[in-house]
Amino acid sequence: MVDVSDLVEFQRHLDGAHHIAITSHRSPDADAVGTSLALARYLRSTGKEVTCLLPDAPDEALDWMTGVNDIVLFDRDPGQAQEALHRADVLFALDYNGMGRLGPMKDAAESATGTWLMVDHHMGPEDFPTARVHDARCSSTAELLWGVIAGLGGKEAVDATTAGLLYAGMMTDTGSFRFNSVSAETHRVVAAMMDQGLNHTAVHEAIFGEQPMDRMKLHAFAVVERMEVYPEFQTAFVHLTAEDMERFHYRPGYTEGLVNKALGVSGVKVAVFAKQSSDRVKMSFRSVGQFSVRDFAEKHFDGGGHHNAAGGASKESIGVVMARLRGLLPEIAAGITAAEEADA
Ligand SMILES: [Mn+2]
């Protein structure tokens with residue numbers, strides 16, 4: 001839920017601002033991109049000049065999002081990005097809790113002189129923003145941003161297009177309204193957005209409706225050839241090498257959802273997906289129940305995120321990472337047991 005006093009402070013900073021920069025995290029997901037575009041639409045409707053900036057490109061699966069092609073990508077156009085960051089009177093940090101999440105855009109963002117405002121739902125936010133709307137129990141940044149936009153501009157400020165952008169973030173961050181981060185408030189926000197003309201079916205279709213054959217084959221291959229299930233440790237791993245991804249003509253977004261396939265195996269409480277990317281191995285961690293994958297990712301793989309969904313990375317080879325994960329199986333199993341005992 002959004003505090004009125006935070007909104008008053010947001011409005012005070014926005015009143016004097018002409019140029020606004022909206023930033024979100026590296027490897028941007030639907031919550032990052034959807035909230036950026038939704039906030040830009042609202043602020044432009046109030047007469048502001050707004051630039052959306054991302055460290056790198058979103059998945060092609062988000063190509064349908066209205067305005068996505070106008071986002072300035074730091075890795076493609078650092079000059080233009082730098083200029084927008086430096087010109088901004090107000091800068092928004094959406095869906096991330098620390099500058100480190102900006103990757104290559106970090107230095108440029110840190111040298112910006114405008115006022116930072118944050119809207120985010122990740123634990124342990126850094127204190128660089130002057131004001132923030134932050135709730136780590138909230139299911140998504142999109143859910144919080146609904147409160148911000150409706151609070152500042154009234155519900156009418158969210159038209160059907162903006163509602164679709166926010167709904168995409170809420171739907172994907174909640175695993176289609178499945179995770180226990182979903183609250184009655186989550187559904188109240190969706191209901192309010194339906195009153196504003198939200199076409200929820202169109203958003204589901206755009207995100208889950210169809211997929212390229214290569215992606216489907218990559219998932220099938222990963223499940224058959226690269227999934228390791230350890231029933232005695234209630235854990236499953238799935239990984240992809242650079243060659244695997246090349247074989248199925250990997251495109252950004254193709255591996256989305258693979259970690260949930262591992263988590264979906266009967267009896268599995270912790271799942272890890274690892275894939276080789278250009279300079280590092282990227283990992284996704286998921287759990288059901290009380291085992292904190294955020295703590296695990298933070299401890300072993302320089303990561304972070306949420307209790308049941310986190311990310312991490314390693315400069316080691318995929319082979320070394322997988323061997324390390326297998327070595328950590330007893331620690332994971334002990335953690336699951338301890339968490340269950342604490343819960344009981
Ligand atoms: Mn999010």
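Me: Is R226 buried, exposed or partly exposed in this predicted model?
Reply: Buried means under 20% relative accessible area and exposed means over 50%. The relative accessible area of R226 is 23%. R226 therefore counts as partly exposed.

Me: Which residue forms a salt bridge with R226, and is that residue buried or exposed?
Reply: The closest N and O atoms of the pair are 2.7 Å apart, and the partner is D244. The pair links distant parts of the chain, with D244 in helix α10 and R226 in the loop between α9 and β7. At a relative accessible area of 5%, D244 is buried.

Me: How many residues apart are E9 and R12 in helix α1?
Reply: E9 and R12 form a salt bridge, with their closest N and O atoms 3.9 Å apart. E9 is partly exposed at 25% relative accessibility, whereas R12 is exposed at 54%. About one helical turn separates the two, because in helix α1 their distance along the chain is three residues.

Me: Which residues coordinate the manganese ion?
Reply: The coordination distances run from 2.2 to 2.4 Å. D31 lies in helix α2 and H121 in the loop between β5 and β6, so this pair ties together parts that are 90 residues apart in sequence. D31 is buried at 0% relative accessibility, and H121 is buried at 2%. The coordinating residues are D31, D95, H121 and D173.

Me: What is the N to O distance in the salt bridge of D135 and R137?
Reply: D135 is buried, with 12% relative accessibility, while R137 is exposed, with 70%. Their side chains meet in a salt bridge at an N to O distance of 3.5 Å.

Methods:
Residues numbered from 1 in each chain as written. Predicted model: local features only at pLDDT ≥ 70, side-chain atom pairs only at ≥ 80, totals over all residues. Heavy atoms only, no water. Donors = N, O, S within 2.8 Å, 3.2 Å for Na, K, Ca; no water. Helix = DSSP H or I, 4+ residues; strand = E, 2+ residues; numbered from the N terminus. Buried < 20%, exposed > 50% of the residue type's maximum accessible area, 1.4 Å probe, protein only. Salt bridge = Lys/Arg side-chain N within 4 Å of Asp/Glu carboxyl O.
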